[in-house]
Amino acid sequence: MESKKIWLSIAHMGGLEQQYIQDAFNSNWIAPLGPNVTGFEKDLENFLEGCNVVALSAGTAALHLALVQLGVGAGDEVICQSFTFSASANPIVYQGATPVFVDSEPDTWNMSPELLEKAILDRKLKTRKYPKAIIVVDLYGMPAKMDEILTIASRYDIPVIEDAAEALGSEYNGRKCGTFGEYGVLSFNGNKIITTSGGGALICKTAEQARQITFLATQAKENKPYYHHERIGYNYRLSNICAGIGRGQMEIFPRLLSRRREIHALYTELLADVRGIKVMHSEDEKFNCNYWLTCITVDSKISGVTANDIRIHLDSVNIESRLLWKPLHMQPVFELYPAYTNRTSERIFNKGLCLPSSPALSDEDIKRVVKELKNIYLS
Ligand SMILES: *Cc1c(COP(=O)(O)O)cnc(C)c1O
């Protein structure tokens, strides 16, 4: 008999989501904006403490508007972490600017502060100006080395955008991820920590920044009785229906977060004695990861199998796993852009695998994944 399909990361609804959607229908707030959008923004602001949040149609839209608001355009360069999903860098190209990729350090898998500074200085030498912004990512929920990165960024007066699309609930030094840069980005895509079916948010430092972003996200319509435009606008606001899902998700968010962490702890325990496999984690308590996805690295010289062998086997028994993000400097679409590399992301990419981490998975499900993973060693 076919065993139940185990997915990598799927949404888990608490039940209240439908109530908020029903409220929207009852009050005929089907149009974009409305009480759920404001309510969802308040929920996120309460959680993140001391910032201003604008709910948008996607994390990609949030990144795009942050770049627009920072004045990034043709002729500018923007430094971007290479080890990430393509959406971190695409908006740089939307703006006609040039992405400059920076490789990772092995502790967090995120941007190497050393290489960042080297890249900044080299770009200044080559183009006679500093990059216009820095996009740093908290990959798989693991916080980047923010102290070091922010120190370097402020030394050259370059604003930082923190792509925390995967890191809602993570903390660095006791402070919430997404709140470190000039702007922070969240995603509520279907597979992220919480979902609105599709959506995102931009975390701003000031109410004035949030007002500007909201203005740009609603077609840059000036306050006049007719449609009057002085800037190019975007249609990037989250709908009131989707925000209703977000409000319901925020009510069960503590449970969703603790379950992801429990799943990581269980994998760590069950995989401890498997040769050649390491579960990604941080030794340092300063880095408090949400463990959006539990990632492993496979040393095939010791294990005799590769990460991809494991993926193929798991797939054959109805378990979805996924190779890591392929570094952007290795992607055909980005390969002509400047890159500062040390081979760290390439090495990790070649041996890494994301294991099923959906919060609805039971301990039995996780044990089945590990049992199947061990089976491949025997076959
Ligand atoms: C998901 C994701 C995004 C994009 O968010 P969307 O809501 O899908 O547009 C950006 N960066 C990273 C690191 C992501 O994982």
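# Close-up views of a two-domain predicted model

**View 1. A salt bridge along helix α5.** Helix α5 holds both D122 and K126, which sit four residues apart, about one turn of the helix. In this predicted model, their side chains meet in a salt bridge, with N and O 2.6 Å apart. What is the relative accessibility of each partner? D122 counts as buried at 19% relative accessibility, while K126 is exposed, with a relative accessible area of 55%. For D122, that value falls under the 20% limit used for buried residues.

**View 2. Helix α5 meets strand β2.** Here R123 forms a salt bridge with E77, and the closest N and O atoms are 2.8 Å apart. R123 belongs to helix α5 and E77 to strand β2, so this pair ties together parts that are 46 residues apart in sequence. Are these two residues buried or exposed? R123 is buried, with a relative accessible area of 8%, and E77 is buried too, at 12%. For the wider setting, a search of the whole structure finds 18 salt bridges.

**View 3. Two domains side by side.** The chain is divided into domain 1, covering residues 17-251, and domain 2, covering residues 254-375. Their contact draws 50 residues from domain 1 and 38 residues from domain 2. The C-alpha centres of the two domains lie 25 Å apart. How much area is buried between domain 1 and domain 2? It is about 3700 Å², and carbon and sulfur atoms give 66% of it. On the domain 1 side, F101, W109 and Y140 lose the most area to domain 2, and together they make up 22% of what that side buries.

**View 4. Polar contacts and the elements around them.** Between domain 1 and domain 2 there are 22 residue pairs in polar contact, with both residues at pLDDT 80 or more. Which elements give two or more residues to the side of domain 1 that touches domain 2? They are the strands β2 (77-81), β3 (98-102) and β6 (171-172), along with the helices α4 (90-94), α5 (113-127) and α8 (240-270). The most comes from β3, which gives five residues to this side.

**View 5. The salt bridge between the domains.** The count of salt bridges between domain 1 and domain 2 is one. Zooming in on D147 and K286, you can see their side chains meet in a salt bridge, at 3.4 Å from N to O. How exposed are the two partners? D147 counts as partly exposed at 35% relative accessibility, and K286 is also partly exposed, with a relative accessible area of 27%. The pair links distant parts of the chain, 139 residues apart: D147 is in helix α6, and K286 is in the loop between β10 (277-279) and β11 (287-288). In another group, D76, K129 and K132 are joined into one network by salt bridges that share partners.

**View 6. Two serines, each in a helix.** S345 is found in helix α11, which spans residues 344-351, and S154 lies in helix α6, residues 146-155. Which of the two is buried and which is exposed? S345 counts as buried, at 0% relative accessibility, whereas S154 is exposed, with a relative accessible area of 54%. Leaving aside residues up to four places away in sequence, S345 touches F83, D103, S104, P327 and H329. As for S154, its C-alpha is 27 Å from that of G200, a residue 46 places away in sequence.

**View 7. Two cysteines without a bond.** How many disulfides does the model contain? The count comes to zero. Take a look at C51 to see why: its sulfur is 8.5 Å from the closest cysteine sulfur, which belongs to C204, and that is too far for a bond. A disulfide would need the two sulfur atoms within 2.5 Å. Seen from the other side, the closest cysteine sulfur to that of C204 is the one in C51, again at 8.5 Å and too far for a bond. Both residues are buried: C51 has a relative accessible area of 9%, and C204 has a relative accessibility of 1%.

Technical notes. Residues numbered from 1 in each chain as written. Predicted model: local features only at pLDDT ≥ 70, side-chain atom pairs only at ≥ 80, totals over all residues. Heavy atoms only, no water. Buried < 20%, exposed > 50% of the residue type's maximum accessible area, 1.4 Å probe, protein only. Domains from an automatic or database assignment. Contact = heavy atoms within 4.5 Å. Buried area = accessible area lost by both parts, 1.4 Å probe. Salt bridge = Lys/Arg side-chain N within 4 Å of Asp/Glu carboxyl O. Polar contact = N/O pair within 3.5 Å; in protein donor to acceptor, adjacent residues only side chain to side chain.
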